[in-house]
Amino acid sequence: MADVPEPVRKCANLLKGTRSDTEKFAALFMVTKLVKGKDCNTEGKKLLFEAIGFPFLRKLLVSKDLPNDCPPLVYKSVALSILTCFCQEEELATHKDIIDAIPTLLEIVEQADDDDYEDNLIVVSEAYSCLKSIASYEPGQQALLATGAIPKMSQIYSAQSFQTDEALHLIVQLVKKFGSTSWPEDPTAFHALIQRIALDMETDHTERKYELCRILADILITCRREIIVNSLEGQIWPESLFKGCGDILKAKIGPKQRDPALHLIATTLQVLGIQWAFMDDQKQFFLMLLQLAAIEVRMQMDEKKLETTFKQADLLTCCFVILEQCIEYMASDQLDMEPKEKQTTYTALKGAFNQVMAVLTRVSNDKIKDNGSPRDKAFIFAIVRILSAWLAQETTAMRPAIYKLLPFMLKIGNESFHELKAWRAGPREGEAPVDVLRIMLPALCHFAVEDEARRVLFTHKQDEVLVESLELYFSIAHWKRPPIPRAERLKRMNEPDPIPTPQQQEEMKEARAAIVSLCNILMNFTVLEPKKAEDSPTFANLLKFVVENLPELKDTPDNLVIHGNLAVLGLLLLKQQSKKVKQNDFSICRYIQATIRFLWDAYNIDESNDPTALVVSIAYKGHWSEISENWFLGMQTMCGVLPLVPWLSEFALESGWAEGIIKTLKKVKIGTLQANVKSAYEDFLSQLVDVNAEVVAVLKKADALRVCRNHRMMDLGKKLFGD
């Protein structure tokens, strides 16, 4: 204690020697002057804190039983003035006694509008200062979260109490730390807060408008999206944001105003989706936004030093978010554009993506890619992601340059995929890493059919990583109940099966989309590189994975599309690797049964309004646009597999499928069977007859003669009945 100034030491001794609260309170006026002075160092403040004793300060803050010679507010004011100075020191701001006082401080700021406080607003101001200091450190942040400070502060701001900006800054400080865990299940406080700020942003026409844009973006990104999106009915803040942002886009503004506006728009799109850009049922906002984001990308990436471009990473990432959503929306063909609008939009996008490619090419040859800074790495991921979104739609332009860049893009995508895989295998702390490879998959579907691109993919062993990716995403889509410890199994035997959380359901949806793209790529590899599909250990492992896992896939409507994709991928691989297939291999038998089920269930008569019409079954109807191609490819590939693995024909017989086809077609009205469906069934049945002598009797017994006559199945008729 040698470095404690003498006046502070004297004051501490005086406080310790006081015999009553009145004496101690009188001494506090001296403390107030001392702690604010420049001579009072950290050690001095700690000494004074101990000398006063926190119970006495708490008494001044909360007790009604105080001497009558001063109004209660004076006692509060003095106590808070001293506390504010103490809280500037980390050791005191994180002291248990001060942490325990958080509810009291929150109560004071919550009562800011009470008549008691009108004459002494400094009390509220000091309480905010204490809270702000406490919120600067981990223990205080955790305690503020636990005491519900965020919803309370949200209510204060929504009610427009005194000094509400202090409340707002405290909210931003905490939500940046805690993300979506900041908010309770009940979205009322969140909606009220955003509504208030959005309304202020919409109606304010000073520089504060742009400060509120930043604050809105910081808070919106932390929302519990599922809860917020499902509770929007009756909320008007999306409209306030739309009008406020629309006014900004139409105004003449500089970077200081444009940057926070783009930040807010990108965040709002992430929360509410692209439909928000059409709130007025017009396309002007959407087109204006797309143009602005494309121009900004072009300007910020235009022939500058890489360091200069990387300094604008936050702004550019916001523009990428906007462009990605705009490109996806345009690809869905829901936007009706005039020829001139199409031309202007395409020109803007092409200009932007030429620059994106130029920057990524420079990055691939620069040391910046290896410097390990998390911010730079995240920005490189973002560049690869947005370029992939563009390449998923733009399938012809800039090919030579793209092929040169592809190895670097694959390196980045694979790195991010392995980060996600490692995260899922570990304790899963923090946010899940973004898998850039998953976002690249739709673009890779196009590359898989281009000779030069495919050569690059195989040179860099991308087939191995794609199989690894399929295994990971299958494990996510095929969600299983977490294992129950052996000791608890008996006790929990009658528990209902748990269901995936909303977050897990979202992950499963993403995983299913990834599996469809992965199957598409791997099917093209199998067909276009038959030698590799036949000889490569990677493709042998892939077939093993499919035949072992397809039968395990749950039979749910959500899984139907991936069931079809995996079934057909398995058939294509089986065709190439037929020489290695052992007769009556158990896993192949189970796989074929699951594949037959997919092919058999697609068409029936039972669910038709007309008992003589063959229709797509109800279960398949909603997904038919995604399934039909695979169904026809599956029937065709089955015809190719049967001569190579003839014993598989026994399953078509034993299951009753072959007979079932004849019995169904027998009921179909003459002249109504679609030509492509007729061909699929006729080719399959003809192939069965060729490879299995027992088929003829089964088909004849089911009245194949009438089916061949009714539907003019000449080839099948010749095989069964001769000329």
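S608 touches A613 and V615, leaving aside residues up to four places away in sequence. This is a predicted model, and in it S608 lies in the loop between strand 1 (603-604) and strand 2 (615-616). Is S608 buried or exposed? Its relative accessibility is 16%, so S608 counts as buried, because buried means under 20% relative accessible area. The side chain of S608 also has a polar partner: one of its polar atoms lies 2.7 Å from the backbone oxygen of D610.

Aromatic rings come next. A search of the whole structure finds 21 aromatic pairs. One of them is formed by W631 and F632, whose ring centres are 5.0 Å apart and whose planes stand at 85°, so the pair is edge-to-face. The reasoning rests on a cut-off: planes over 60 degrees apart count as edge-to-face. How accessible are the two residues? W631 has 0% relative accessibility and therefore counts as buried. F632, at 23% relative accessibility, counts as partly exposed. Both residues belong to a cluster linked by ring pairs, which joins F598, Y603, Y620, W624, W631, F632 and Y681.

Rings can also have a charged group over them. K177 lies over the face of F178, 5.9 Å from the ring centre. In another case, the charged end of K532 sits over the ring of F458, at 4.9 Å from the centre of that ring.

Charged side chains also meet one another. How many salt bridges does the structure hold? There are 33 salt bridges. One of them pairs R455 with E452, and their closest N and O atoms are 2.7 Å apart. Where do these two residues stand in the chain? R455 and E452 are three residues apart in helix 26 (residues 451-459), so about one helical turn separates them. R455 has a relative accessible area of 46% and is partly exposed. E452 is partly exposed as well, with a relative accessible area of 34%.

A second salt bridge joins the side chains of K531 and D535, at 2.7 Å from N to O. These residues are four residues apart in helix 29 (residues 530-535), so K531 and D535 are separated by about one helical turn. K531 has 57% relative accessibility and therefore counts as exposed, since exposed means over 50%. D535, at 43% relative accessibility, counts as partly exposed.

A third salt bridge is formed by the side chains of K719 and D690, at 3.1 Å from N to O. What does this pair link? It connects distant parts of the chain: K719 is in helix 40 (residues 714-721) and D690 is in helix 37 (residues 675-691), 29 residues apart. K719 has 38% relative accessibility, so it counts as partly exposed. D690 has 47% relative accessibility and also counts as partly exposed.

Some salt bridges share partners. Which residues do they join into one network? The network consists of D451, R454, E529 and K532. K532 has appeared above, as the residue whose charged end sits over the ring of F458. In this model K532 therefore takes part both in that arrangement over a ring and in the salt-bridge network.

Conventions: Residues are numbered from 1 along each chain as its sequence is written. This is a predicted model: local features need pLDDT of at least 70, side-chain atom pairs count only at pLDDT 80 or more; totals for chains, interfaces and linings use all residues. Side-chain values use heavy atoms; hydrogens and water are left out. Rings of Phe, Tyr and Trp (its six-membered ring) pair if their centres lie within 6.5 Å; planes under 30 degrees apart count as stacked, over 60 as edge-to-face and the rest as tilted. Buried means under 20% relative accessible area, exposed over 50%, partly exposed in between (1.4 Å probe, protein chains only). A charge sits over a ring if NZ of Lys or CZ of Arg is within 6 Å of the ring centre and within 35 degrees of the ring normal. A polar contact is a pair of N or O atoms within 3.5 Å; within protein, one must be able to donate a hydrogen and the other to accept it, and residues adjacent in sequence count only if both atoms are side-chain atoms. Contact means heavy atoms within 4.5 Å. A salt bridge is a side-chain nitrogen of Lys or Arg within 4 Å of a carboxyl oxygen of Asp or Glu.
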